[in-house]
Amino acid sequence: MGKRPSVKNDETYEELRDKGMSKEKAARIANAQANSDQHPSHKGGKNPPYEDWTKDELMDRAQEIDIEGRSKMDKDELIAALRNH
């Protein structure tokens, strides 16, 4: 059997493992919950929704993640492509 990752919250880790989560993922979540500086239940998303971005900003982001055909897309198509990436 493989070595168990270092875990700061054994109870949470075991609950997550019982639910079928991988050792690594269960350890990450348990450790994040044990760390007072992290808030794993809070969603990310500091940026405004894509609808508030300019087409140029959307195009720059599409280029960063190398979305094919971006130069021919309109704003709505760029938003859909970015969300589906």
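# Exercises on a predicted four-helix chain

H1 is followed by glycine 20, a residue whose phi is positive, near 100°. The exercises below concern a predicted model, in which the chain has 4 helices and 0 strands.

## Exercise 1: The two sides of H1

Determine which residues of helix H1 are buried, and how they are arranged around the helix axis.

*Solution.* Begin with the extent of the element: H1 covers residues 10–18, and within it Thr12, Tyr13 and Leu16 are buried. Next, look down the axis of H1, where the buried residues fall within an arc of 100°, so that they line one face of the helix. A general point of geometry helps here: an α-helix has 3.6 residues a turn, so residues three or four places apart point the same way. Finally, turn to the face directed away from the buried side of H1, which carries the exposed residues Glu11 and Asp18.

## Exercise 2: The nonpolar cores

Work out which residues make up the largest nonpolar core, and which helices give two or more residues to this core.

*Solution.* The largest nonpolar core has 10 residues in all, namely Tyr50, Trp53, Leu58, Ala62, Ile67, Met73, Leu78, Ile79, Ala81 and Leu82. Sorting these by element, one finds that helix H3 (55–64) and helix H4 (75–84) are the elements that give two or more residues to this core. The largest share, 4 residues, comes from H4. A second core, separate from this one, has 6 residues, including Val7, Leu16, Ala26 and Ala30. Leu16 was met in the previous exercise as one of the buried residues of H1.

To follow one member of the largest core further, take alanine 81, which touches Ile67 and Met73 when residues up to four places away in sequence are not counted.

## Exercise 3: The orientation of H4

Establish which residues of H4 are buried, which are exposed on the other side, and what the buried residues pack against.

*Solution.* The buried residues of H4 are Leu78, Ile79, Ala81 and Leu82. Around the axis they cover an arc of only 165°, which puts them on the same side of H4. On the other side of this helix, Asp76 and Asn84 are exposed. The last step is to ask what the buried side meets, and here the buried residues of H4 pack against H3.

## Exercise 4: The aromatic pair

Find how many aromatic pairs the whole structure contains, and decide whether the rings of tyrosine 50 and tryptophan 53 are stacked or edge-to-face.

*Solution.* A search of the whole structure finds 1 aromatic pair. The ring centres of tyrosine 50 and tryptophan 53 lie 4.8 Å apart and their planes stand at 75°, so the pair is edge-to-face; the cut-off needed for this step is that planes over 60 degrees apart count as edge-to-face. Tyrosine 50 and tryptophan 53 are both buried, and both belong to the largest nonpolar core.

## Exercise 5: The salt bridges

State how many salt bridges the structure holds, and describe those of arginine 28, arginine 83 and arginine 70.

*Solution.* The structure holds 4 salt bridges, and three of them are taken in turn here.

1. The side chains of arginine 28 and glutamate 24 meet at 3.2 Å, N to O. Since they are 4 residues apart in helix H2 (residues 23–34), about one helical turn separates them. Glutamate 24 is exposed, its relative accessible area being 53%.
2. The side chains of arginine 83 and glutamate 51 meet at 2.9 Å, N to O. Arginine 83 belongs to helix H4, whereas glutamate 51 lies in the loop between H2 and H3, so this pair ties together parts that are 32 residues apart in sequence. Arginine 83, at 47% relative accessibility, counts as partly exposed, and glutamate 51, at 44%, also counts as partly exposed.
3. Aspartate 66 pairs with arginine 70, and their closest N and O atoms are 3.7 Å apart. Arginine 70 counts as partly exposed, at 22% relative accessibility.

## Exercise 6: The backbone at aspartate 66

Say where aspartate 66 lies, and what the sign of its phi is.

*Solution.* Aspartate 66 lies in the loop between H3 and H4. Most residues other than glycine have a negative phi. Aspartate 66, although not a glycine, has a positive phi of about 60°.

Definitions and conventions. Residues numbered from 1 in each chain as written. Predicted model: local features only at pLDDT ≥ 70, side-chain atom pairs only at ≥ 80, totals over all residues. Heavy atoms only, no water. Phe/Tyr/Trp six-rings, centres within 6.5 Å; stacked < 30°, edge-to-face > 60°. Buried < 20%, exposed > 50% of the residue type's maximum accessible area, 1.4 Å probe, protein only. Arc of directions from axis to C-beta. Core = buried A, V, L, I, M, F, W, Y, C linked by side-chain atoms within 4.5 Å. Contact = heavy atoms within 4.5 Å.
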